[in-house]
Amino acid sequence: MASSVSIKDVAARAGVSVGTVSNVLNRTDGVRTETRARVEAAITELHFVRNESARQLRSRRSRIVAVLVLDVTNPFFTEVASGAEEVLGGAGLSVVLCNSDTDEVRQSRYLQLLTEQRVQGILIVPVGPIAKQVTQLRRHGISTVLLDSKMMDGAACSVSVNDVDGGYRAIQHLLDMGHRRIAFVGGKGRESQVADRAKGAHLAFLHHRGTGGELLSLTVRSLTISGGCEAATQVLEIPAEHRPTAAFCSNDLIALGMLRELSSHGVAVPDDFAIVGYDDIDYAGAASVPLSSVRQPARELGRIAAELLLEEAGDREHHHRQAVLETELVVRESSATSHTSRRRGAPKR
Ligand code: RIB
């Protein structure tokens, strides 16, 4: 509801300039506590409500930053968005969370909508290459930072982790635990970060080729819990003598689905089958068999992406940067049994 009281009325009541009232409204630093209190008292006494649409027209920019992710049902992405919101909220900006559902058409529709809404900026976990869209957004004055992805030509800032190293660590751990037939569970290849995990997994096997063994790639329809159930069914259909004894899943949701489905078929994790996930979402440690996982610093990814966006928005001379963070292998019960000391014999069906 627009207020009939104007920002000038508030300034007059508080005995300050209109600019000071604006600074208080935008939570800008540099306003003395006593002055801020006088302005806030005047806002309350006059029942002032900012006329957002008028402000947007004047500034031609909303105070909104969009975080566009692949799957809002995945706690990894909501943790990333929460980290971004922590930084953006402190700068007086609001965050809207958008879901591309790993669909390029949906992603394009959102980018068009966000351009029309004149958002301040976009943090995006992209589906496929988006260099052209980033250029288009910048023409409309919208800064864009890539999340969980790399911008190889440096045309925008990006924040990601070293997924090749993350995949390597997961397989190295399973090889160290004595496993030789290991499944890698991934999707249809649209996510570059998942492809890098597979690359790291293959690299680890290559570096340990003297130990023999094989890496079996399983493809599921979605990187979700139902995808994990699908992977478990695929494993159970492999004749026992050729069946892998462990799986590295490209995210924790798949790992949790696999854990549930194998357990429901009497397969004991880790005694009959070991599982490692990726992301280390909260549910990983809380699972019925606590899940080993390659931890991504999700909150930090969001914070750094937001800081890069603010840096770019505030500095026309800004130079784009590609921040790459490290992962950490968190070993829990789901892969903690050495294969050599495991119960002999194929897992029960
Ligand atoms: O969306 C698939 C995966 O990519 C997520 O689970 C997270 O690992 C992201 O990097």
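**View 1. The residue shell around the ligand in this predicted model**. Leu 70, Asn 74, Phe 76, Phe 77, Asp 148, Gln 193, Arg 197, Leu 223, Asn 251, Asp 279 and Gln 296 surround the ligand; a residue is near a molecule if one of its heavy atoms lies within 4 Å of it. By type, the shell splits into four nonpolar, four polar and three charged residues. Here Ala, Val, Leu, Ile, Met, Phe, Trp, Tyr, Cys and Pro count as nonpolar, Asp, Glu, Lys and Arg as charged, and the others, Gly among them, as polar. This is a predicted model: local features need pLDDT of at least 70, side-chain atom pairs count only at pLDDT 80 or more, and totals for chains, interfaces and linings use all residues. Residues are numbered from 1 along each chain as its sequence is written, and side-chain values use heavy atoms, with hydrogens and water left out.

**View 2. Polar contacts to ligand oxygen atoms**. A polar side-chain atom of Asn 74 sits 2.9 Å from a ligand oxygen. For Asn 251 the distance is 3.1 Å. For Asp 279 it is 2.5 Å. Such a contact is a pair of N or O atoms within 3.5 Å. Alone, the ligand exposes 280 Å², and the protein buries 97% of that (Shrake-Rupley accessible area, 1.4 Å probe).

**View 3. The ligand between two domains**. Domain 2 (60–161 + 298–326) and domain 3 (163–297 + 330–343) both give residues to the shell, so the ligand lies between them. The domain bounds come from an automatic or database assignment. Two or more shell residues come from each of α5 (75–90) and α9 (192–207). Helices (H or I, at least four residues) and strands (E, at least two) are DSSP runs, numbered from the N terminus.

**View 4. The cis peptide bond before Pro 270**. Val 269 and Pro 270 are joined in cis, with omega about 5°. Pro 270 belongs to the loop between α11 (252–264) and β9 (274–279).

**View 5. Positive phi at Asp 101**. Phi of this non-glycine residue is near 55°. Asp 101 lies in the loop linking β2 (94–99) and α6 (104–116).

Technical notes: Polar contact = N/O pair within 3.5 Å; in protein donor to acceptor, adjacent residues only side chain to side chain.
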